[in-house]
Amino acid sequence: MNHNVIDPVCGMSIDPAHAAGTSQYGEETFHFCASSCKTTFDAAPQKFVRVAEEPAVSSCCGGGHCAMQ
């Protein structure tokens, strides 16, 4: 059973077995519907990959109350 994946450039749902190309970024493999999407991704992958957000830093300040920065 194949599970479709999303082309990170155009958002199209594709079967990985029939992808026009793949690229490795970090520890992940990305699949593309067309070679043009792969070329666009390879030029600037950071535009298409979500980066985990850093957690907010908590700092306590005077007066007994804490604030998130």
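**Buried residues and the nonpolar core**

User: Why does Ile 14 count as buried?

Analyst: Happy to explain: Ile 14 has 9% relative accessibility, and buried means under 20% relative accessible area (exposed is over 50%, partly exposed in between; 1.4 Å probe, protein chains only), so Ile 14 counts as buried. A word on the source: this is a predicted model, where local features need pLDDT of at least 70, side-chain atom pairs count only at pLDDT 80 or more, and totals for chains, interfaces and linings use all residues. Residues are numbered from 1 along each chain as its sequence is written, and side-chain values use heavy atoms, with hydrogens and water left out.

User: What does Ile 14 touch, not counting residues up to four places away in sequence?

Analyst: Its partners are Asn 4, Val 5, Ala 19, His 31, Phe 32 and Cys 33, where contact means heavy atoms within 4.5 Å. Ile 14 itself lies in strand E2 (residues 13–14); strands (E, at least two residues) and helices (H or I, at least four) are DSSP runs, numbered from the N terminus.

User: What makes up the largest nonpolar core?

Analyst: Five residues do: Phe 30, Phe 32, Cys 37, Phe 41 and Val 49. Strand E4 (28–32) and helix H1 (35–43) each supply at least two residues of this core. The name fits because a nonpolar core is a set of buried Ala, Val, Leu, Ile, Met, Phe, Trp, Tyr and Cys residues joined through side-chain atoms within 4.5 Å.

User: Which core residues does Phe 32 touch?

Analyst: Among the contacts of Phe 32 are Cys 37 and Phe 41, both members of that core.
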